[in-house]
Amino acid sequence: MLAKRLALAAALILPICLLYARAGVEFAIAIIDIAFLVTSARTRSWAWARQPWFLIALAWWAAEMICSLPIPALGLGPGGWKSFAQAAVLIRLLLLPAALAGFVLDSPRNRWWFWLVIAASEAWILLECWQQEIFGVNVFGDHRWADGSLTGPFWAPRAGPPYTHLLFLTALPIVAALIARRGTIPKLAAAALAIIGFATALIIGQRMPFLLAGLGLAVTALAFRPVRLPAIALGILVILAIPALKIVSPPSFDKLVGETSIQIRHFAKSPYGELYTRATVMIEHSPWHGYGFNGFLYFCPEPKFDAGLPALGIGPTNLARGACNIHPHNFYLQAAIDAGLGGLVLFAALNLAWLLTLARGMLRQPMKLGAFIGVLTYAWPLASTDNFAVLPMAGWLFVMLGLGLAFDPARLQSGPPEPQSLYQHPNQALILTGAPP
């Protein structure tokens with residue numbers, strides 16, 4: 001089928017475009033979504049649209065659009081038609097995981113190739129981080145960022161978030177394949193892979209991605225029994241390695257430890273504290289319908305939001321200290337500012353629905369477990385984040401989500417039977433990664 005071949009080709013270039021070509025990302029998403037909708041209409045197959053997570057996604061999207069409608073008499077849409085248009089095109093992102101899961105990645109071979117491209121992207125970030133750490137520059141001649149963090153294959157400190165979110169999705173299937181093999185060498189190789197993976201997260205020197213990597217390791221230890229003790233040992237090793245970072249990579253140490261300790265002691269007056277305080281004041285002023293999509297960008301500088309939070313002992317915010325930015329650096333604050341408290345509830349419900357859907361059967365699927373961890377680290381509420389719907393980071397979320405949702409238990413049960421344990425079949429690792437035997 002031509003539509004499916006086009007969609008698969010677009011899906012396979014999508015992760016590469018997410019690294020460097022934002023226009024290419026939009027083009028690839030458009031091809032996948034259009035091919036999916038055309039095929040659904042032609043075959044009258046709309047069961048995917050009745051999935052609980054997609055219905056919640058539609059409700060959240062509708063709330064974003066309603067609150068962005070420029071109707072001054074109702075206090076809606078102060079951002080005008082530009083804000084409404086930005087809310088309207090969110091649907092392309094919400095369609096993407098449905099299209100990947102139910103259309104493009106409906107065979108083990110397609111899932112395998114898609115995962116392979118994602119893994120290659122992750123490996124590229126890892127290699128460029130180490131090149132920059134060892135030789136001082138990446139392949140493009142870019143140096144370490146001024147604050148001490150590594151930029152990896154990018155010109156700015158953007159390596160940490162995608163690297164962390166993709167780490168478990170790309171590493172767990174390989175680790176599962178190695179530990180399923182007999183002998184000591186494969187298990188040592190699995191341990192080496194895990195150590196290199198976390199060492200990279202450490203030397204990148206970005207605080208939140210490193211903490212989220214720790215969260216992912218904790219979830220792995222809880223959910224994946226064969227690596228529970230090694231994961232705990234790795235966590236201890238990482239904690240012990242932090243002081244050594246001062247000798248191995250002083251700029252990373254200063255960023256992770258020195259700057260973090262200063263910001264924690266004076267959080268309310270730090271740039272993040274100022275942003276969160278300002279966002280909370282904005283929500284207090286318009287709790288029911290917010291300010292429409294990108295409301296924080298358009299209205300944060302208004303003086304009426306200077307007040308601070310006296311009830312919490314937090315004084316007025318100051319634009320000079322970084323109280324305003326292009327987004328509030330937290331998805332949940334952003335959801336409430338865009339569409340009020342109702343939009344916040346729907347957004348939180350959507351993330352929970354994604355995680356609950358991914359959780360089904362993930363204990364037997366390391367690739368699905370990796371996708372669950374990737375989405376969890378992206379949706380974690382206590383984090384400093386990018387704008388939720390802005391590429392390329394939003395693209396990585398929906399790529400991980402689409403691949404994880406492709407491991408639908410009902411579809412897998414209708415195909416060849418899968419072993420229940422990592423150790424019941426010598427080819428289990430290939431089956432778990434979705435690779436063709």
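**Exercise 1. Decide whether Cys300 is buried or exposed, and find its disulfide partner.**

Solution. Start with accessibility: Cys300 has 0% relative accessibility, so it counts as buried. Keep in mind as you work that this is a predicted model.

Next, look for the bond. Cys300 is joined to Cys324 by a disulfide, with an S to S distance of 2.0 Å. That fits the cut-off, which asks for cysteine sulfur atoms within 2.5 Å. A search of the whole structure finds one disulfide.

Now place the two ends. Both Cys300 and Cys324 sit in the loop between α13 (295-299) and α14 (331-359), 24 residues apart. The torsion about their S-S bond is about -90 degrees, so the disulfide is left-handed.

Finally, check the partner's surroundings. Cys324 has 22% relative accessibility and therefore counts as partly exposed, while buried would require under 20%.

**Exercise 2. Explain why Cys67 has no bond to its closest cysteine sulfur, and classify Cys67 and Cys17 by accessibility.**

Solution. Take the distance to begin with: the closest cysteine sulfur to that of Cys67 belongs to Cys300 and lies 19 Å away, too far for a bond.

Then turn to accessibility. Cys67 is at 7% relative accessibility, so it counts as buried. Cys17 is buried as well, with a relative accessible area of 12%.

**Exercise 3. Work out how α1 and α16 are oriented to each other, and which residues make their contact.**

Solution. Begin with the geometry: helix α1 (residues 2-20) packs against helix α16 (residues 393-405) at an angle of about 160 degrees, and their axes are 9 Å apart. Because angles over 145 degrees count as roughly antiparallel, α1 is roughly antiparallel to α16. Their crossing is left-handed.

Now list the contact. From α1 come Leu14, Pro15, Leu18 and Leu19, and from α16 come Gly395, Trp396 and Val399. Sorted by class, these residues are six nonpolar, one polar and no charged.

**Exercise 4. Do the same for α7 and α8: what is their orientation, and which classes of residue make up their contact?**

Solution. Helix α7 (residues 160-179) and helix α8 (residues 184-204) pack at about 175 degrees, with axes 9 Å apart. That makes α7 roughly antiparallel to α8.

For the contact, α7 contributes residues including Tyr163, Leu167, Phe168 and Ile174, and α8 contributes residues including Lys187, Leu193, Phe198 and Ile204. The tally by class is 16 nonpolar, three polar and one charged.

Definitions and conventions:
Residues numbered from 1 in each chain as written. Predicted model: local features only at pLDDT ≥ 70, side-chain atom pairs only at ≥ 80, totals over all residues. Heavy atoms only, no water. Axes fitted to C-alpha atoms, helices over the stretch in contact; angles between N-to-C directions. Helix = DSSP H or I, 4+ residues; strand = E, 2+ residues; numbered from the N terminus. Parallel < 35°, antiparallel > 145°, perpendicular 65-115°, else oblique. Left-handed = near helix turned anticlockwise from the far one by under 90°. Contact = heavy atoms within 4.5 Å. Nonpolar A, V, L, I, M, F, W, Y, C, P; charged D, E, K, R; others polar. Buried < 20%, exposed > 50% of the residue type's maximum accessible area, 1.4 Å probe, protein only.
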